[in-house]
Amino acid sequence: MKIHILGALSGTEPFPNRNHTSWALELDNGNIYLFDAGENCSRTAYLSQMDLMQIKTIFISHSHYDHLAGLVNVFSTILKMRALYRDTQPRSIDIFMPEEKVWAGFNAFAESIGAYPLHTEINDHILSDGGFFKNDDIMVEFRGNEHVAKAENGDFRSFSFRITVGDKVIVYSGDVRSADEFADWSKECDVVLMESGHHHPWEVCEKWRNDNCRIGKVVFMHHGRDYINLPTQTAVATRRAWGRDVIFAEDDMIIEL
Ligand SMILES: [Zn+2]
Ligand SMILES: [Zn+2]
């Protein structure tokens, strides 16, 4: 299976060749699971020949624009592909949103501008702390975090994910207040995709090393000023702190698992 980085930037102003956060997991059977949908993610995916019609489920970690603003184009690009390929086979897409009101607003907008593909059932769900999605391909566990303040009723509005496919485990931080919010997950896994927009990556790695975390591949994405302004120094400091190689994701990068 492959991790496609579709956008590795945090919610900054525009930069050349960098788009806001999104990545996709493409399984060996061709099925695709999309995590976050920042600007231009479907454009990057389409131009790198990813078959967007194979997207089965979409998970949006929280309702900030840098994780969500490209979602309407995910659907409209699928719509165009289905028209081009005269694909009328009934399909369905499950979508997990962090908040009911954000889903309601998005759904009304997408419908009103005709963005949804024909013959496609859209099954909407709301994320919950401790909840999970499971099918024959994949299990995705949801962990609430405090990157976004909780709702008045105490519901989490921001989530991290642990993804299990066969014997492989991928942890995706989403945006987090602290890497400690998923410390039990980062203790042992094959890949961690960690946001570096709100944390110095070398500090995160120093902590993981002190905690004897056993992580196969450390990948930083959702880059903030450290990596944008000083990429080489940031990478050197982070690799030194971890004691091993660390991947700093770039748009359109593929990580094989
Ligand atoms: Zn963000
Ligand atoms: Zn955020």
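**Notes on the fold: two sheets, a core and a few odd residues**

1. Let's start with the first sheet. It is open and built from seven strands, running β6-β5-β4-β3-β2-β1-β14, with mixed pairing. At its edges sit β6 (120–126) and β14 (254–256), and each of these pairs on one side only. Ignoring direction, neighbouring strands here are turned by 20 degrees against each other on average. Keep in mind throughout that this is a predicted model.

2. Now for β3, residues 32–35, which is a handy place to begin looking around. On one side β3 pairs with β4 (residues 55–59) in the parallel sense, over four bridges. If you want a register mark for that pair, Ile 32 stands opposite Ile 55 in β4. Strand β2 (residues 22–26) also pairs with β3, this time in the antiparallel sense and again over four bridges. The register mark there is Trp 23, opposite Phe 35 in β3.

3. The link from β2 to β3 is worth a glance too. The two strands form a hairpin with five residues between them. Gly 30 sits in the turn and has a positive phi of about 95 degrees.

4. Which residues of β3 are buried on its two faces? Ile 32 and Leu 34 are buried on one side, and Tyr 33 and Phe 35 are buried on the other, so to put it as a plain description, both faces of β3 are covered. As background, side chains in a regular strand alternate between the two faces of the sheet.

5. Out towards the β6 edge, have a look at helix α4 (residues 100–112). Helix α4 lies across β5 (91–97) and β6, and runs at about 155 degrees to β6.

6. There is a second open sheet, also of seven strands and mixed pairing, in the order β7-β8-β9-β10-β11-β12-β13. The edge positions go to β7 (132–134) and β13 (247–248); each has a single partner strand, so one side of each is left without a neighbour in the sheet. Inside this sheet, β8 (residues 139–144) and β9 (residues 159–165) pair in the antiparallel sense over six bridges. Met 139 stands opposite Thr 164 in β9.

7. On to the core. The largest nonpolar core has 64 residues, and those with the most contacts inside it are Ala 24, Leu 34, Ile 58, Val 192, Leu 193 and Val 219. Leu 34 is one of the buried residues of β3. As for Val 192, leaving aside neighbours within four places in sequence, it is in contact with Val 171, Ser 186, Ile 215, Val 218 and Val 219.

8. Val 74 is another residue to click on. It belongs to helix α3 (residues 71–84). Is Val 74 buried or exposed? There are 25 other C-beta atoms within 10 Å, so Val 74 is buried. Beyond its neighbours within four places in sequence, Val 74 is in contact with Leu 34, Ala 37, Cys 41, Ser 42 and Leu 52. By contrast, the C-alpha atoms of Val 74 and Ser 196 are separated by 25 Å, the two residues being 122 apart along the chain.

9. Next, a helix pair. The axes of α6 (residues 201–210) and α8 (residues 231–242) come within 8 Å and cross at roughly 10 degrees. That angle makes α6 roughly parallel to α8. From α6, the contact uses Pro 201, Trp 202, Cys 205, Glu 206 and Arg 209; from α8, Thr 234, Ala 237, Thr 238, Ala 241 and Trp 242. By type, the residues of this contact are six nonpolar, two polar and two charged.

10. Finally, two backbone oddities that I'd check by eye. Asn 212 is not a glycine, yet has a positive phi of about 55 degrees. Asn 212 is found in the loop between α6 and β12 (214–221). His 222, also a residue other than glycine, has a positive phi near 50 degrees. His 222 lies in the loop between β12 and α7 (225–229). Which of the two is exposed, and which is buried? Asn 212 has 8 C-beta neighbours inside 10 Å, so it counts as exposed. His 222 has 30 C-beta neighbours inside 10 Å, so it counts as buried.

Note on methods:
Residues numbered from 1 in each chain as written. Chains lettered and ligands numbered in written order. Predicted model: local features only at pLDDT ≥ 70, side-chain atom pairs only at ≥ 80, totals over all residues. Axes fitted to C-alpha atoms, helices over the stretch in contact; angles between N-to-C directions. Parallel < 35°, antiparallel > 145°, perpendicular 65-115°, else oblique. Contact = placed C-beta atoms within 7 Å. Nonpolar A, V, L, I, M, F, W, Y, C, P; charged D, E, K, R; others polar. Core = buried A, V, L, I, M, F, W, Y, C linked by C-beta atoms within 7 Å. Buried ≥ 20, exposed ≤ 12 C-beta atoms within 10 Å, placed from the backbone. Pairing = 2+ DSSP bridges.
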